[in-house]
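Thanks for coming. I will go through one structure this morning, with the coordinates on the screen.

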Amino acid sequence: MRLIQVDAFTGMPFAGNPAAVCLMDGERDATWMQDVAAEMNLSETAFVTKQGGGFGLRWFTPAVEVDLCGHATLASAHALWEEGEVREDEIITFHTRSGPLTCHRRTDRIEMDFPSRTVTEVEPPAGMVEALGVDPVSVWHSEVGYLVELAAEENVREARPDFARLGAIPDAWVCITSIATTGGFDFVSRFFAPQSGIDEDPVTGAAHCALADFWSVRSGRNEFRAYQCSKRGGVVHVSIDGDRVRLGGQAVTVLRAELV
């Protein structure tokens, strides 16, 4: 089986978020897929199978299967087009645990159609703020975890969470965010999920399904250019269309291999 490693949400190699894409030659059970994902040891490995005029798609971290993943979906679409599995002008439909997701190849990026994730203001769970080591303006929650608003971009960039403490809090996947002061961007973010074997995810498409709702309410706008300011960094184009969010980004293939 072919394995393609793709850097997603970036136009250059060794930036953005790396994902392994396994183009399956048939069905495999979840235990096998989890073992492959642990072997790849990337934040996500995507498993793609031909299915009903489209493709089945599942995502695994080194530790667990997840319900929604943006960067590995972007990587999967990029790999299918680049490997010649679909025509360059063809829309790709993925059948996933979060419903059908479509990908379009635009002139300068790939655009994905994802579900919106509404945020609700909440009290943070005990110990979460202390584990993050930040002073929050507000705390919110959605299906993709907690969202913590900070006062300034430098607070987001300079945060140094205690991942051992954060990982001990059940279901405390956390995105921290603020208005951007870096030119050309509307907001910045970082994302932490030590419970899933990922201390910091370099660029998190799914988190932007919640960030879109949060920043739309804050600003009254429906389109954003966002930057996830992890060490690798990545650019995400975000637009809201009703109860859907369109996420756009570039992708670069860095490795092709054969799983034997």
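**Helix, strands, cores and spaces**

Setting aside neighbours within four places in sequence, Ser216 is in contact with Arg221, Asn222, Phe224 and Ile240. Before going further, please keep in mind that this is a predicted model. Ser216 belongs to helix H6, residues 207–219. Is Ser216 buried or exposed? Its relative accessible area is 16%, and it counts as buried because the cut-off for buried is under 20%.

The helix H6 comes up again at the cavity. There is 1 cavity of 30 Å³ or more, and the space in the largest cavity is about 40 Å³. Its lining consists of Ser142, Val144, Gly145, Tyr146, Leu147, Cys175, Phe191, Ala207, Ala210 and Leu211. H6 and strand S11, residues 145–149, each supply at least two residues of that lining. By class, the lining of the largest cavity has 8 nonpolar residues, 2 polar and no charged.

Next, the strands. Strand S8 covers residues 110–115, and 6 of its 6 residues are buried. Which residues of S8 point which way? Ile110, Met112 and Phe114 point to one side, while Glu111, Asp113 and Pro115 point to the other, and all are buried. As a general point, side chains in a regular strand alternate between the two faces of the sheet. Please note that the buried set in S8 includes Glu111 and Asp113.

S8 has two pairings to show. With S7 it pairs in the antiparallel sense over 4 bridges, and the two strands form a hairpin with 4 residues between them. Within that pairing, His104 has Glu111 in S8 as its bridge partner. With strand S17, residues 244–249, S8 also runs antiparallel, and 6 bridges join them. There, Asp113 stands opposite Arg246 in S17.

One residue of S7 deserves its own slide. Arg105 lies in S7, which spans residues 99–105. At 39% relative accessibility Arg105 is partly exposed. Apart from neighbours within four places in sequence, Arg105 is in contact with Trp81 and Glu88. Arg105 and Gln5 are 100 residues apart along the chain, and their C-alpha atoms are separated by 19 Å.

On to the nonpolar cores. The largest nonpolar core has 54 residues, and those touching the most other members are Trp59, Ile92 and Phe94. Another core lies apart from it, with 20 residues, among them Leu132, Val139, Ala172 and Ala180.

Now the backbone. Most residues other than glycine have a negative phi. Two residues here go the other way. Phe9 has a positive phi of about 65 degrees and is not a glycine. Asp171, also not a glycine, has a positive phi of about 60 degrees. Where does each one sit? Phe9 is in the loop between strand S1, residues 2–8, and strand S2, residues 17–23. Asp171 is in the loop between helix H5, residues 163–167, and strand S12, residues 174–179. Their surroundings can be set side by side: Phe9 is buried, with a relative accessible area of 2%, whereas Asp171 is exposed, at 65% relative accessibility.

That leaves the pockets. What is the volume of the largest pocket? The value is about 460 Å³. Its lining has 28 residues, and nearest its centre lie Val66, Asp67, Leu68, Val144 and Trp173. The elements giving two or more residues to this lining are strand S5, residues 65–66, strand S13, residues 187–193, and strand S14, residues 198–201. The lining of the largest pocket divides into 12 nonpolar, 9 polar and 7 charged residues. Val144 appears in the lining of the largest cavity and also among the residues nearest the centre of the largest pocket.

The second largest pocket has a volume of about 180 Å³. It is lined by 16 residues, of which Phe9, Thr10, Gly11, Val235 and Gln250 are the closest to its centre. So much for the centre; now the elements. Strand S15, residues 223–228, and strand S16, residues 234–241, each supply at least two residues of this lining, and S16 gives the most, with 3 residues. By class, the lining of the second largest pocket has 5 nonpolar, 7 polar and 4 charged residues.

To tie this to the backbone slide: Phe9, with its positive phi, is one of the residues closest to the centre of the second largest pocket. I will stop there and take questions.

Technical notes
Residues numbered from 1 in each chain as written. Predicted model: local features only at pLDDT ≥ 70, side-chain atom pairs only at ≥ 80, totals over all residues. Heavy atoms only, no water. Buried < 20%, exposed > 50% of the residue type's maximum accessible area, 1.4 Å probe, protein only. Core = buried A, V, L, I, M, F, W, Y, C linked by side-chain atoms within 4.5 Å. Contact = heavy atoms within 4.5 Å. 1 Å grid on protein atoms, 1.4 Å probe; cavity = no way out; pocket = protein on both sides within 12 Å on 5 of 7 lines; lining within 4 Å. Points joined across faces, edges and corners; volume = space filled by probe spheres on them. Nonpolar A, V, L, I, M, F, W, Y, C, P; charged D, E, K, R; others polar. Pairing = 2+ DSSP bridges.
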